[in-house]
Amino acid sequence: PLMILAGVFAAVSSYRTAVVDQDRRYIRQVLWHYMPPRVMEQLLRQRDLPTLGGESREVTILFMDIVGFTPLSEGLTPSEVARFLNDYLTEMSDIVQAHGGIIEKFVADEITAIFGAPVADAEHAVHAVEAALACQRRLAQMKGAFGLPPDRRIEARCGINTGEMLVGNIGSRRRFTYAAMGDAANLGSRLEGANKFYGSRILIGQRTAELVAERFELRDIDWLLVVGRRRPVRVYTPIAPFGELSDTDRAREDAFRAAMESYRDGDFAAAAAGFTALAKADPIARRFAEFAERYQIEPPPSDWNGVTTLTEK
């Protein structure tokens with residue numbers, strides 16, 4: 001009987017190893033490169049196998065790109081570029097994953113991350129904004145990092161948008177990746193690029209702002225019409241966690257808000273004065289000071305409604 005029991009135990013163990021646990025090993029093999037361990041373990045507990053296909057759900061997507069990467073890379077050898085990118089992408093993706101995001105892809109220096117899938121996260125928008133702010137703080141501490149000259153600091157632009165997207169495994173039957181697709185995802189990419197226009201470092205879409213408004217101090221930047229869309233979207237930049245603004249920073253944000261109200265009301269002289277007072281230390285205010293001064297010389301069209309239209313991505 002003991003030998004029979006031992007044989008049965010061995011058979012059950014072998015079956016479990018060969019068949020039952022095979023799914024778990026497969027999921028780990030597929031997902032561990034781009035998913036935080038805690039998210040992967042949740043997925044394993046659900047016993048969901050990754051297969052081609054997707055589902056529509058509200059998630060938040062983050063795009064992050066290095067400012068001035070092309071001129072930076074021109075001064076490096078190919079091996080130095082590779083080493084720099086590996087170190088930078090490791091540092092930033094670790095922060096993103098620590099806040100619950102999964103890495104969708106790397107494209108040269110660009111990082112794309114998804115929050116809120118495949119495992120549901122009720123605070124996906126909050127976690128995406130937290131990750132972006134954490135990345136900015138980390139980069140600010142890293143002057144001379146990644147083998148750069150001691151006085152050189154890397155800066156990055158982030159675009160974050162929340163909306164209904166198709167999320168799932170996209171690709172061929174032999175090779176696929178977890179991705180988010182749809183108009184809301186495309187807008188996130190456009191917001192990353194729009195930072196160049198405003199001089200900002202993080203831009204978030206209107207739905208993201210609605211979900212994080214009680215957690216972060218937000219600056220209302222503009223009504224923006226990006227390439228490929230027919231309707232403008234209201235864009236914001238997060239300043240700090242809610243309630244953590246200093247008195248000086250609060251006064252600056254109040255002054256920016258007052259100048260913006262003048263700008264949208266068409267009082268460009270008052271707007272120019274307000275933005276110019278902030279412009280020295282505030283790239284966004286400097287940009288709007290330029291707009292307001294230009295509109296004093298060349299008034300906008302009679303049907304101008306305060307919407308900024310971008311003509312390039």
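Two residues are in contact when heavy atoms of each lie within 4.5 Å. The model described here is predicted, and that definition can be applied to D222. Setting aside residues within four places in sequence, D222 contacts Y198, V233, R234, V235, R264, F288, G306 and T308.

D222 belongs to strand 7, which spans residues 216-225. Burial is the rule along this strand, with 7 of its 10 residues buried. D222 is itself buried, yet it has no salt bridge. The nearest side chain of opposite charge is that of R264, 4.6 Å away. Because a salt bridge requires a side-chain nitrogen of Lys or Arg within 4 Å of a carboxyl oxygen of Asp or Glu, the 4.6 Å to R264 does not qualify. What the side chain of D222 does make is a polar contact with the side chain of T308, at 2.5 Å.

T308 also appears in the strand pairing. Strand 7 runs parallel to strand 9 (residues 307-309), and 3 bridges join them. In this pairing L224 stands opposite T308. Strand 7 also pairs with strand 8 (residues 233-241), here in the antiparallel sense and over 8 bridges. E217 of strand 7 stands opposite A240 in strand 8.

Another antiparallel pair is formed by strand 2 (residues 102-107) and strand 3 (residues 110-115), over 5 bridges. I102 stands opposite I114 of strand 3. The two strands form a hairpin with 2 residues between them, and A108 in the turn has a positive phi of about 55°.

The nonpolar residues remain. In soluble globular proteins, nonpolar side chains tend to be buried together. The largest nonpolar core in this model holds 41 residues, of which M64, F84, Y88 and I154 touch the most other members. The elements that give it two or more residues are strand 1 (53-66), helix 3 (69-74), helix 4 (78-98), strand 3, helix 5 (124-140), strand 4 (156-171), strand 6 (202-204) and helix 7 (206-212). Helix 5 supplies the largest share, 10 residues. Strand 3 of the hairpin is thus among the contributing elements.

Not counting residues up to four places away in sequence, I154 touches I66, L72, F84, Y88, L139, F146 and L148. F84 and Y88 are on this list, and they are also named with I154 among the residues that touch the most other core members.

A second, separate core has 28 residues, including L224, M260, F291 and L310. L224 is the residue that stands opposite T308 in strand 9, and T308 is the polar partner of the D222 side chain.

Conventions. Residues are numbered from 1 along each chain as its sequence is written. This is a predicted model: local features need pLDDT of at least 70, side-chain atom pairs count only at pLDDT 80 or more; totals for chains, interfaces and linings use all residues. Side-chain values use heavy atoms; hydrogens and water are left out. Two strands pair if DSSP finds at least two bridges between them. Helices (H or I, at least four residues) and strands (E, at least two) are DSSP runs, numbered from the N terminus. Buried means under 20% relative accessible area, exposed over 50%, partly exposed in between (1.4 Å probe, protein chains only). Lys and Arg count as positive and Asp and Glu as negative; His and the chain ends are not counted. A polar contact is a pair of N or O atoms within 3.5 Å; within protein, one must be able to donate a hydrogen and the other to accept it, and residues adjacent in sequence count only if both atoms are side-chain atoms. A nonpolar core is a set of buried Ala, Val, Leu, Ile, Met, Phe, Trp, Tyr and Cys residues joined through side-chain atoms within 4.5 Å.
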